[in-house]
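Work through the exercises below with the structure open beside you, and try each task before you read its solution.

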Amino acid sequence: MVSAKRLREEQESMTEHQDMEQRRRKTIAWGVGIAGPLIGGLLIAAGLSIQAILLVLAALALMGILLTLRLPR
């Protein structure tokens, strides 16, 4: 039988873990929200054609997918 104190400690630990995960998700979303337009603007400023920009962005998206799949669950 689990004591009330131990159960409370486990719940607090889970809450801290969930808070950390939420902060991480917000940080990643904020970074992507800044980096996406910045990269697009730099590619346009570099004078690349729309087709070349599309290929660069598609390659970045594919890399993001592959890296995300490698993360442990």
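The exercises go from the overall form of the chain to one patch on its surface.

This is a predicted model, in which local features need pLDDT of at least 70 and side-chain atom pairs count only at pLDDT 80 or more, while totals for chains, interfaces and linings use all residues. Residues are numbered from 1 along each chain as its sequence is written, and side-chain values use heavy atoms, with hydrogens and water left out.

**Exercise 1.** Describe the overall form of the protein chain.

*Solution.* Begin with the secondary structure: the protein chain has two helices and zero strands, where helices (H or I, at least four residues) and strands (E, at least two) are DSSP runs numbered from the N terminus. Next, take the extent of the C-alpha trace, which spans about 65 × 20 × 10 Å along its principal axes. Finally, consider the radius of gyration, taken over C-alpha atoms: the protein chain has 20 Å, whereas a compact globule of 73 residues would have a value near 11 Å, by the rule of 2.2 Å times the number of residues to the power 0.38.

**Exercise 2.** Find what share of the residues is buried, and place Met63 on the scale of exposure.

*Solution.* Buried means under 20% relative accessible area, exposed over 50%, and partly exposed in between (1.4 Å probe, protein chains only). Buried residues make up 5% of the 73 residues in the protein chain. Methionine 63, which lies in helix α2, has a relative accessible area of 49% and is therefore partly exposed.

**Exercise 3.** Identify the helix that gives the most to the nonpolar patch.

*Solution.* The patch, made by Ile39, Leu48, Val56, Leu57, Leu60 and Met63, covers about 460 Å². Its members have over 30% relative accessible area and no salt bridge (a side-chain nitrogen of Lys or Arg within 4 Å of a carboxyl oxygen of Asp or Glu), and nonpolar side chains (Val, Leu, Ile, Met, Phe, Trp, Tyr) are joined within 5 Å. Helix α2 (residues 50-70) gives the most, with four residues.

How values were computed: Patches are made of residues with over 30% relative accessible area and no salt bridge: like charges are joined within 9 Å, nonpolar side chains (Val, Leu, Ile, Met, Phe, Trp, Tyr) within 5 Å. Accessible areas come from the Shrake-Rupley method with a 1.4 Å probe; for residues, only the protein chains shown count as cover.
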